[in-house]
Amino acid sequence: MRIISLVIEKYASPGNGLGFYQDKAVFVPQTAIGDEVLVSVEKEKKRYIIGRLEELVKPASGRRKVPCPHYLECGGCDLLHLPYSDQLGLKKDMLVEVLAGAGIQVVVDLVAAPEEFYYRHRALFRRNQETGTFGFLRRRSHQVADVSGCLVLAQGLRILMKKLAVSTTLPEKTTTCYGLASSSGAFAAAADVGRNFQALSGIPESVTENYGFGDLELAASGFAQVNPAITRLMIRDLLRRCVDACEVAELYGGSGTFSLPLATIARHLTVYESDPAAAARCRRNAARNSLENVRLVSGRVEKKALPDSLDTLVVDPPRSGLQSLVIEKMVKSKASHLIYISCNPATLARDLVRLKAFDNGFVLDSLSAYDMYAGTTHLEVMASLKRLNPA
Ligand SMILES: C[S@@+](CC[C@H](N)C(=O)[O-])C[C@H]1O[C@@H](n2cnc3c(N)ncnc32)[C@H](O)[C@@H]1O
């Protein structure tokens, strides 16, 4: 193992420090500007090195004592060595920079997490094949780190992790388990066996969550928002942004996290979802809350027609963002207002540019960001767009 010594001079991205060794840039995750560090060389190229923090020779004054016992070993969080207010500042700067890189200037309002710790209600656990315990992957590795003292996992998931470790009925080839916990502490799990989900004996497959708009069935094998407290704030802001919404189409609706609230204000809500199990759950969730104005369209939205009568579009695509075909459909629709929820600033910025490039495309009106994943470099964004030339 080759060890080099350097001082972190700036951030390449939040918490990912950049220093120099001889004539090469060295990137070191989990560092702060001013840290004097000893770093092992994980990857070396002609112009740069990717290093792993081995020893803090002299910590920067802007650091805090890392509150998590697994921080250096586990690949889950990158910012726990920084005070929470600094984490927010770095994440906001990163978002502004990504948007500016696409030519978008906008005031960014970043909503802080109500709870910095124990907020994570959905997780992907990896099985350590030697010990049978579950944890997270180590940084840039296929080895599993112990995370029994994890500071961000909600209580339900910590209980689930212990239960999985002593389970004698896990399918033999289980390498990965999806866990989901509700705000009330219930938990559910699904094993990923060769890319197929399998229920686990004695552990439910789904939980009931309530974000303030009725009970919602969410499955461990499907998508669910990670942080219920932030999700509630996002729902509040979504409804504020949609006060005039009447004929609404929601693309990428999942099990209905945003559909139930939207259905309380819309006259008609059409929800598009490609995963048949999630679409069926969303339909059940609407029915159990007597929301008769919700229509589910199951299948890939690229292949489906949008409603003729439409004033508002709400989209919450996967990290890859919107396909060109979907953007064209949205621009051709009658919608005058678009809300774009995104977990990936890079694809959001790309899509904002594409949405504006049409004759009467959509232009960004305002944007809020949410610290859905405190301690990590990730965030959630909600952008509000209007037509370039309103009728
Ligand atoms: C980021 S999740 C959002 C789900 C939901 N809005 C929520 O908050 O729970 C994206 C959802 O889009 C669905 N999806 C992915 N590609 C799709 C497509 N081409 N057409 C329709 N739905 C799609 C996924 O199955 C997933 O449920």
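This briefing describes a ligand site, a helix and several single residues in one structure. The structure is a predicted model, in which local features need pLDDT of at least 70 and side-chain atom pairs count only at pLDDT 80 or more, while totals for chains, interfaces and linings use all residues. Residues are numbered from 1 along each chain as its sequence is written, and side-chain values use heavy atoms, with hydrogens and water left out. Helices (H or I, at least four residues) and strands (E, at least two) are DSSP runs, numbered from the N terminus.

**The ligand and its surroundings**

- The ligand is surrounded by 17 residues, of which Gln225, Glu273, Val301, Glu302 and Asp316 come nearest; a residue is near a molecule or strand if one of its heavy atoms lies within 4 Å of it.
- The shell around the ligand is made up of six nonpolar, six polar and five charged residues, where Ala, Val, Leu, Ile, Met, Phe, Trp, Tyr, Cys and Pro count as nonpolar, Asp, Glu, Lys and Arg as charged, and the others, Gly among them, as polar.
- A polar contact is a pair of N or O atoms within 3.5 Å; within protein, one must be able to donate a hydrogen and the other to accept it, and residues adjacent in sequence count only if both atoms are side-chain atoms.
- Oxygen atoms of the ligand take part in two such pairs: a polar side-chain atom of Gln225 lies 2.7 Å from an oxygen atom of the ligand, and a polar side-chain atom of Glu273 lies 2.6 Å from an oxygen atom of the ligand.
- For Glu302, the partner is a nitrogen atom of the ligand, which lies 2.9 Å from a polar atom of the side chain.
- Taken alone, the ligand exposes 600 Å², and the protein buries 90% of that; accessible areas come from the Shrake-Rupley method with a 1.4 Å probe, and for residues only the protein chains shown count as cover.

**Helix α2 and its two faces**

- Helix α2 covers residues 155-166, and its 12 residues should span 16 Å at 1.5 Å a residue, which agrees with the 18 Å between its end C-alpha atoms; the expected span is 1.5 Å times one less than the number of residues.
- The buried residues of α2 are Gly156, Leu157, Leu160, Met161 and Leu164, where buried means under 20% relative accessible area, exposed over 50%, and partly exposed in between (1.4 Å probe, protein chains only).
- These buried residues lie on the same side of α2, because they cover an arc of only 135° around the axis, the arc being that of the directions from the helix axis to the C-beta atoms.
- On the face of α2 turned away from its buried side are the exposed residues Gln155, Lys162 and Val166.
- Arg158 also belongs to helix α2, and with a relative accessible area of 24% Arg158 is partly exposed.
- Although Arg158 and Ala181 are 23 residues apart in sequence, their C-alpha atoms are 9.4 Å apart in space.

**Residues in loops**

- Arg140, in the loop between β9 (134-137) and β10 (144-146), has a positive phi of about 45° although it is not a glycine.
- Ser290 has a positive phi too, near 55°, and is likewise a residue other than glycine; Ser290 sits in the loop between α5 (276-288) and β18 (294-298) and is exposed at 58% relative accessibility.
- Pro114 is placed in the loop between β7 (109-111) and β8 (122-127), where its relative accessible area of 47% makes Pro114 partly exposed.

**Residues in strands and in helix α3**

- Ser342, in strand β20 (residues 337-342), is buried with a relative accessible area of 4%, and a polar atom of its side chain lies 2.9 Å from the backbone nitrogen of Asn344.
- His268, in strand β17 (residues 268-273), counts as partly exposed at 40% relative accessibility; His268 and Val248 are 20 residues apart in sequence, and their C-alpha atoms are 6.2 Å apart in space.
- Asp237, in helix α3 (residues 228-241), is buried with a relative accessible area of 9%, and the C-alpha atoms of Asp237 and Ser206, 31 residues apart along the chain, are separated by 27 Å.
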